[in-house]
Amino acid sequence: SVAALADDLRAHLADRPVRARREGLAYRASRFLVRHAVAASAVAAVALLAVALVGVSLWVAERESAQTRDIAGAREEARVLLVQLTELFESADPAAPQGEALASRRMLDAAVRRLEAQRSLDPETRAELLFAAGRVYRRLGAGAEAIPLLDEACLLHGGERAPPDPRLAEILVEVGASHALVGEPGIAVERLRRALEMERELFGDDHLRVAQVRFALADVYHETGAGDFEGELREAVRVFRSQSAEPTVEYAQALIALADVVAVRRELEDAMAMYEEARAIHTALFGPAHPYVASALNGIGMVGYHLGRKEEAVAALREAVAIYRRAYAEEVHPGIAPLLQNLGNVLSVEGLPGGVELIEEAVAVYHAQPFAKAVELGFCLTMLGAARRRGGDAGGAARA
């Protein structure tokens, strides 16, 4: 009708639904939105913003979750790496044959490559791993490889001038020992003195850690004459003896070093007691056929000879050489040189066969070392000259 048409025209002009077409939810909604365009736009903007915020929140949460997973994964790998390095340190024997040392070295090199690939480690964990790797390198005799790792670990702990800290002191001991290995005694003494200062402040004078640093420092003093070698050594032995619940390698080695000093002063019975104690400790720790036992036997043989126990002395010196030959059947270890030299000299003085040949072998071992110590080599050559003279070889004696 005309009236219905008029109503639809008015509805259309007012943006309302018209009756002439079929109504539906979508159509009625579209008319509503047209009538309330401003309000609808605001509502839509709010809705879109809410959707965007939800999306951003989900993205941030996923990213944080991924970072958390990465950190957790890095920590787990660091834990595994630390266990591996600790096991390597405990199994790394400085007296092991070259083949075993090379196998340990390959494993260590691989572990350090994994460490360098880690970029998400916190400084404390990284310092712990650097220290662990550095001390294994040092124990294997690779001072040059140990130093940069230990230096970085030291810096992560604040550097050598930082306040006393137990871990920093341990790092400084390893740094000092590593510099001693590569022929830099000045830096070695500086780092070890700082470590000793820290350890004494933290633990007092009668702590095993203090004794260990004193022993390391005494070793460098012995090589350089830069300090009171015997005083540090005696103090280390005193603390080891009073504090050790069970005898340690360090205590036995310190006993041998002090016995060497005492023997030179001809305090032979005291020296013999120390060598015997060291031998018993090394035998208990490693068995009777370890090169450390040979070091003690060498002292027992030389002191026994000067005490007049000649047969026992020769037997001890022969056993020391035999231990080294068995332990290093496939290679020549530099540690055998003084043993060959001492046995050869005793045999020569006593007029027994084989003395000259053993001292000649010792000279060859000294010559084969890349950094042969001139004093030790010169002393061995002097012994060789004397042995050749006793055997009637004046020309060979003069050449030596």
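Helices α13 and α15 are roughly parallel to each other. This statement concerns a predicted model, and it rests on the geometry of the two helices. Two packed helices are described by the angle between their axes and by the distance between those axes. Here, helix α13 spans residues 291-306 and helix α15 spans residues 336-349. Their axes come within 10 Å and cross at roughly 25°. Because angles under 35 degrees count as roughly parallel, the pair falls into that class. The crossing of α13 and α15 is left-handed.

The residues that form this contact can be located in the structure. On the side of α13 they are A294, N298, M302 and Y305; on the side of α15 they are P338, L339, N342, V346 and V349. Seven of the residues in the contact are nonpolar, two are polar and none is charged.

Helix α15 also contains S348. Is S348 buried or exposed? Its relative accessible area is 11%. Since buried means under 20% relative accessible area, S348 is classed as buried. Leaving aside residues up to four places away in sequence, S348 touches G355, A387 and R390.

The two helices may now be placed within the whole protein chain. The secondary structure of the chain consists of 18 helices and zero strands. Of its 400 residues, 39% are buried. The accessible surface of the chain comes to about 21,700 Å², and carbon and sulfur atoms account for 58% of that surface. Among the contacts in the chain with a separation of 6 or more, 56% link residues 24 or more positions apart.

Definitions and conventions. Residues numbered from 1 in each chain as written. Predicted model: local features only at pLDDT ≥ 70, side-chain atom pairs only at ≥ 80, totals over all residues. Heavy atoms only, no water. Axes fitted to C-alpha atoms, helices over the stretch in contact; angles between N-to-C directions. Helix = DSSP H or I, 4+ residues; strand = E, 2+ residues; numbered from the N terminus. Parallel < 35°, antiparallel > 145°, perpendicular 65-115°, else oblique. Left-handed = near helix turned anticlockwise from the far one by under 90°. Contact = heavy atoms within 4.5 Å. Nonpolar A, V, L, I, M, F, W, Y, C, P; charged D, E, K, R; others polar. Buried < 20%, exposed > 50% of the residue type's maximum accessible area, 1.4 Å probe, protein only. Areas by Shrake-Rupley, 256 points an atom, 1.4 Å probe, with all protein chains shown as cover.
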